Amino acid sequence: MNRMEREKKANITCTSCDALCCQLTVVLEARDAVPAHLTTRLAGGLHVMAKDEDGWCVALDGQQMNCRIYDSRPIVCRSFVMGGAYCRAERDEHARQGDRTIALQLT
Ligand code: SF4
Ligand code: SF4
């Protein structure tokens, strides 16, 4: 990572981000312990966090823009580090394309 990239990473904070990562499709693992009513299954059978009609994860507190199940959030969400590679890629893509919804599975 060069100096410009390090400075860019240092300037990233969730408090100035519209929780972009909480619009992604969060694929659950068997060891995740998320309340069942917050989850759903896609047509192909993948177990995922459910989304509201606007495409946000149903566990997102839309007022505070934070996770209502933070302590028991899915493993994939724990892997999504602020300023990390996935975060920066998502923010860059959002800046290029504007609002969108993509599927994400961290393995
Ligand atoms: S982890 Fe990254 S994409 Fe997610 S809310 Fe924080 S800054 Fe935004
Ligand atoms: S479970 Fe929490 S951290 Fe994960 S996408 Fe939903 S609101 Fe965001």
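**Reading burial, contacts and ligand shells**

User: How does methionine 65 count by relative accessibility: buried, partly exposed or exposed?

Analyst: In this predicted model, methionine 65 counts as partly exposed because its relative accessibility is 31%, and the partly exposed class lies between the cut-offs of 20% and 50%. Methionine 65 belongs to the loop between β4 (60-61) and β5 (66-67).

User: What is unusual to look for in the backbone of methionine 65?

Analyst: Look at the sign of phi. Methionine 65 has a positive phi of about 55° and is not a glycine. Alanine 19, not a glycine either, also has a positive phi, about 50°. Alanine 19 is in the loop between α1 (3-10) and β1 (25-26).

User: Why does alanine 19 count as buried?

Analyst: Burial is read against a cut-off of 20% relative accessible area. Alanine 19 counts as buried because its relative accessibility is 9%.

User: How many helices and strands should I find, and in what order?

Analyst: Start with the count, then read along the sequence. The protein has three helices and six strands, and their pattern is α-β-β-β-β-β-α-α-β.

User: What share of the protein is buried, and what share of its contacts is long in sequence?

Analyst: Each percentage has its own base. Of the 107 residues in the protein, 33% are buried. Of contacts between residues at least 6 apart in sequence, 51% join residues at least 24 apart.

User: Which residues make up the largest nonpolar core?

Analyst: A core is read as a linked set of buried residues. The largest one here has nine residues: Val26, Leu28, Val34, Leu38, Met49, Cys57, Ala59, Ile69 and Val76. Leucine 38 touches Met49, Ala50, Val58, Ala59 and Ile69, with residues up to four places away in sequence left out.

User: Where is valine 48 found, and what does valine 48 touch?

Analyst: Take the element, then burial, then the contacts. Valine 48 is in strand β3 (residues 47-49), and it is buried, with 2% relative accessibility. Leaving out residues up to four places away in sequence, valine 48 touches Thr25, Val26, Val27, Leu28, Thr39, Thr40 and Leu42. Leucine 38 does not appear among these contacts; the C-alpha atoms of valine 48 and leucine 38 are separated by 8.8 Å, and the two residues are ten apart along the chain.

User: What are the contacts of leucine 60?

Analyst: The reading is alike. Leucine 60 lies in strand β4 and is buried at a relative accessible area of 11%. Not counting residues up to four places away in sequence, its contacts are Ala19, Cys22, Met65, Asn66, Cys67 and Arg68. The list therefore includes both residues with positive phi discussed above, alanine 19 and methionine 65. Tyrosine 70 is ten residues from leucine 60 in sequence, at 9.4 Å from C-alpha to C-alpha.

User: Which residues surround ligand 1, and of what classes are they?

Analyst: List the shell, then sort it by class. Ligand 1 is surrounded by Ile12, Thr13, Cys14, Cys17, Ala19, Cys21, Phe80, Met82, Cys87 and Arg91. Eight of these residues are nonpolar, one is polar and one is charged. Ligand 1 sits in the largest pocket.

User: What surrounds ligand 2?

Analyst: The shell of ligand 2 consists of Cys22, Val26, Met49, Cys57, Ala59, Leu60, Cys67, Pro74 and Cys77. By class, it has nine nonpolar residues, no polar and no charged ones. Val26, Met49, Cys57 and Ala59 are in this shell and also in the largest nonpolar core.

Note on methods. Residues numbered from 1 in each chain as written. Chains lettered and ligands numbered in written order. Predicted model: local features only at pLDDT ≥ 70, side-chain atom pairs only at ≥ 80, totals over all residues. Heavy atoms only, no water. Near = heavy atom within 4 Å. 1 Å grid on protein atoms, 1.4 Å probe; cavity = no way out; pocket = protein on both sides within 12 Å on 5 of 7 lines; lining within 4 Å. Sits in = over half its atoms within 2 Å of the grid points. Nonpolar A, V, L, I, M, F, W, Y, C, P; charged D, E, K, R; others polar. Core = buried A, V, L, I, M, F, W, Y, C linked by side-chain atoms within 4.5 Å. Buried < 20%, exposed > 50% of the residue type's maximum accessible area, 1.4 Å probe, protein only. Contact = heavy atoms within 4.5 Å. Helix = DSSP H or I, 4+ residues; strand = E, 2+ residues; numbered from the N terminus.
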